[in-house]
Amino acid sequence: MSEEKHIAPQDKEFDRRAFFVKLGLGSLSIAAAGTAAFAYQFLSPNVLFEPSPIVNAGKPENYAVDSVTLDVNSGIYLIHAQEGFFALSAICTHLGCMTAWKPELGIIACPCHGSKFKRDGEKIEGPAPKPLPWLQTSISDEGDLMVDRSVTIRPMQFVRV
């Protein structure tokens, strides 16, 4: 009799055990990648950029006497009174809305809830609990007006040029 070679079936059949091993290893690798991504995000510093509280308002010659100038980007009013320069916060003390200068009425008004302030920041009417704060104003070595938004001062402290 001739020797018959018994041909074993090759591994082309569906093997349940190998499938579940691959499925389990794939799931573990996805979970490990997610954990690594979360750990990286958790451990990396969350730094928020805040602009400098000191604002360069330019040369004093650029402001006419009795003028009120709103700088929307920095949220300040720069006022050139007869006595000198001073700066007010343009943020309403009620809920933090940006106020607006009304030259026809000579007042600063909050469009959100109707608070009204005099040109010196004193409250006239409305729900605002306090007047607008005065901000520290100074002259730099180059002769520019500098306003420090982080420092409030007592009212009626003018910078004379």
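This tour visits the cysteines of a predicted model, with a selection to make at each stop.

**First stop: the disulfide.** Select cysteine 97 and cysteine 112 and display their side chains. The two sulfur atoms lie 2.2 Å apart, and the pair forms a disulfide. With a cut-off of 2.5 Å between cysteine sulfur atoms, the count comes to one disulfide. A disulfide is a covalent bond between the sulfur atoms of two cysteines.

Next, query the torsion about the S-S bond of cysteine 97 and cysteine 112: the value is -115 degrees, and the link is left-handed. Now extend the selection to the surrounding strands. Cysteine 97 sits in the loop between β4 (85-89) and β5 (100-102), while cysteine 112 sits in the loop between β6 (107-109) and β7 (116-117); the pair therefore ties together parts that are 15 residues apart in sequence.

**Second stop: accessibility of the bonded pair.** Is each partner buried or partly exposed? Select cysteine 97: its relative accessibility is 15%, so this residue counts as buried. Select cysteine 112: its relative accessibility is 42%, so this residue counts as partly exposed.

**Third stop: a pair without a bond.** Select cysteine 92 and cysteine 110. Why is there no bond here? The cysteine sulfur closest to that of cysteine 92 belongs to cysteine 110, and at 3.8 Å it is too far for a bond. Starting from cysteine 110 instead, the closest cysteine sulfur is that of cysteine 92, again 3.8 Å away and too far for a bond.

Finally, colour these two residues by relative accessibility. Cysteine 92 has 3% and counts as buried; cysteine 110 has 4% and also counts as buried.

Methods:
Residues numbered from 1 in each chain as written. Predicted model: local features only at pLDDT ≥ 70, side-chain atom pairs only at ≥ 80, totals over all residues. Heavy atoms only, no water. Helix = DSSP H or I, 4+ residues; strand = E, 2+ residues; numbered from the N terminus. Buried < 20%, exposed > 50% of the residue type's maximum accessible area, 1.4 Å probe, protein only.
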